[in-house]
Amino acid sequence: MPPRKRRSYTAEYKVEAAHRVIDSGRTITEVARELGIDAGMLSVWVKDERRRIAAAETHGENPLEAAERAELQRLRRQVAELEKDNAFLVKASAYFAAMQKNRSGSL
């Protein structure tokens, strides 16, 4: 059997996976199979998220609802895309500035 590749997961992914269990009432095993991840690892994420929710409630804070989490993820993806666009524009600007400099020097 080939060795398994280590994967790292973002905090957002862990929270979303945990909420697939918490919000739906499905078992950890079902959701883990659906996501293609280890059930033990998902179990830890669910426990962590339940602890976080309980801690927020003791301080009188409400955890994000599913729609709010989805909107937050959408906005984070949008910011990531904008950051990629900005990085491209910075590189393109530097490239065109260098081309202009070379063009005037070659005359």
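A salt bridge is counted here where a side-chain nitrogen of Lys or Arg lies within 4 Å of a carboxyl oxygen of Asp or Glu. In this predicted model, the side chains of Arg51 and Asp48 satisfy that criterion, with an N to O distance of 3.1 Å. Both residues belong to helix H3 (residues 39-58), where they stand three residues apart, about one turn of the helix. Arg51 counts as exposed, because its relative accessibility is 53% and the cut-off is over 50%, whereas Asp48 is partly exposed at 38%.

Helix H3 holds a second pair, Arg52 and Glu49, which are likewise three residues apart and thus separated by about one helical turn; their closest N and O atoms are 2.5 Å apart in a salt bridge. Arg52 is partly exposed, with a relative accessible area of 41%, while Glu49 is buried at 4%. Elsewhere, Arg20, Arg26 and Glu34 are joined into one network by salt bridges that share partners.

A search of the whole structure finds seven salt bridges, and one of them connects Glu12 with Arg76, the closest N and O atoms being 2.6 Å apart. This pair links distant parts of the chain, since Glu12 lies in helix H1 and Arg76 in helix H4 (residues 66-105), 64 residues apart. Both partners are partly exposed, Glu12 with a relative accessible area of 29% and Arg76 with one of 40%.

Helix H1 itself comprises the 12 residues 11-22, which at 1.5 Å a residue should span 16 Å, and its end C-alpha atoms are indeed 16 Å apart, in agreement with that expectation. Within H1, Ala17, Ala18, His19 and Val21 are buried.

Definitions and conventions. Residues numbered from 1 in each chain as written. Predicted model: local features only at pLDDT ≥ 70, side-chain atom pairs only at ≥ 80, totals over all residues. Heavy atoms only, no water. Helix = DSSP H or I, 4+ residues; strand = E, 2+ residues; numbered from the N terminus. Expected span 1.5 Å × (residues − 1). Buried < 20%, exposed > 50% of the residue type's maximum accessible area, 1.4 Å probe, protein only.
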